[in-house]
Amino acid sequence: VLVNRESDMRFNPRWLPKGEHPASVDSIMFAAQKGFVYGPFIEGQTYRMAKLIGIKMSPDSVNARHILLKPETYGSVEKAKSTADSLKQLIKGGASFADLARQFSEDPGSGANGGDLGWFMEGQMVPTFNDACFDGKKGDLTIVQSQFGYHLIEVLDQKGKTEKRAICYVDRRIEPSTKTFQMKYGEADEFRRSV
């Protein structure tokens with residue numbers, strides 16, 4: 001909440017391994033403990049403060065499939081969620097995930113393929129979907145909501161394990177104050193008149 005209220009950039013949590021965070025903080029944050037705050041420092045035309053908000057071991061990539069249910073199709077959020085719950089129970093009872101995905105999924109890209117999304121890296125999916133896949137484990141059957149609707153997700157496999165860290169930033173663009181702007185405008189206007 002503080003970051004979204006005070007920063008020029010919205011909070012976008014991404015868990016990244018060493019070497020993928022900005023060079024200005026990467027090695028510092030990988031030597032720090034959770035809660036460490038670095039800055040303020042200048043990066044380009046921005047003052048930044050960085051806080052290490054999390055450390056975890058996480059898969060490098062995940063293979064998953066899903067069934068997407070859009071609330072507008074079902075007339076309400078509750079009915080879409082109820083349908084996702086029912087499909088989950090059918091799959092737990094032995095029904096084919098792939099067949100149900102072909103029949104019910106509203107994701108045109110994966111629905112025809114039985115919901116299969118293939119392998120993907122962290123940060124490639126919307127946050128709730130991403131977290132279910134990378135924080136879960138192989139075999140998990142989870143329901144999450146995103147801006148697209150309800151996803152019934154099955155984690156098929158995970159590869160590798162790497163330490164990843166999440167950093168939040170408070171960014172403020174370096175801009176002249178009103179007083180400085182007016183002073184420089186006055187100087188420029190005076191120069192224009194003298195020429």
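This report describes the overall dimensions, the strand pairing and the aromatic contacts of one protein chain.

The structure is a predicted model, and its secondary structure comes to 7 helices and 8 strands. The protein chain has a radius of gyration of 24 Å, whereas a compact globule of 195 residues would have one near 16 Å. Along the principal axes, the C-alpha trace spans about 85 × 45 × 25 Å. Of the 195 residues, 39% count as buried, and the chain exposes about 11,800 Å², with carbon and sulfur atoms supplying 53% of that area. When contacts between residues at least 6 apart in sequence are considered, 63% of them join residues at least 24 apart.

Among the strands, S6 (residues 141-146) and S7 (residues 149-159) run antiparallel and are joined by 6 bridges. The two strands form a hairpin, with 2 residues between them, and one of the bridge pairings sets Gln145 against Tyr150 in S7.

Turning to the aromatic side chains, a search of the whole structure finds 4 aromatic pairs. One of these is formed by Tyr38 and Phe41, whose rings lie 5.0 Å apart centre to centre with 35 degrees between their planes, a tilted arrangement. The two partners differ in their surroundings: Tyr38 is partly exposed, because its relative accessible area of 27% falls between the limits of 20% and 50%, while Phe41, with a relative accessible area of 11%, is buried. The rings of Phe120 and Phe129 have their centres 6.3 Å apart and their planes at 55 degrees, so this pair is tilted as well. Here Phe120 is buried, with a relative accessible area of 4%, and Phe129 is also buried, with a value of 2%. Ring pairs further link Phe120 and Phe129 with Phe134 into a cluster.

Charged side chains also sit over aromatic rings, and the following table gives two such contacts.

| Charged residue | Ring | Distance to ring centre |
|---|---|---|
| Lys159 | Trp119 | 4.4 Å |
| Arg165 | Phe30 | 5.0 Å |

In the contact with Trp119, Lys159 lies over the face of the ring, and Lys159 falls within the range of residues given for strand S7 (residues 149-159). In the contact with Phe30, the charged end of Arg165 is what sits over the ring.

Definitions and conventions:
Residues are numbered from 1 along each chain as its sequence is written. This is a predicted model: local features need pLDDT of at least 70, side-chain atom pairs count only at pLDDT 80 or more; totals for chains, interfaces and linings use all residues. Side-chain values use heavy atoms; hydrogens and water are left out. Rings of Phe, Tyr and Trp (its six-membered ring) pair if their centres lie within 6.5 Å; planes under 30 degrees apart count as stacked, over 60 as edge-to-face and the rest as tilted. Buried means under 20% relative accessible area, exposed over 50%, partly exposed in between (1.4 Å probe, protein chains only). A charge sits over a ring if NZ of Lys or CZ of Arg is within 6 Å of the ring centre and within 35 degrees of the ring normal. Two strands pair if DSSP finds at least two bridges between them. Helices (H or I, at least four residues) and strands (E, at least two) are DSSP runs, numbered from the N terminus. The radius of gyration is taken over C-alpha atoms; the globule rule is 2.2 Å times the number of residues to the power 0.38. Contact means heavy atoms within 4.5 Å. Accessible areas come from the Shrake-Rupley method with a 1.4 Å probe; for residues, only the protein chains shown count as cover.
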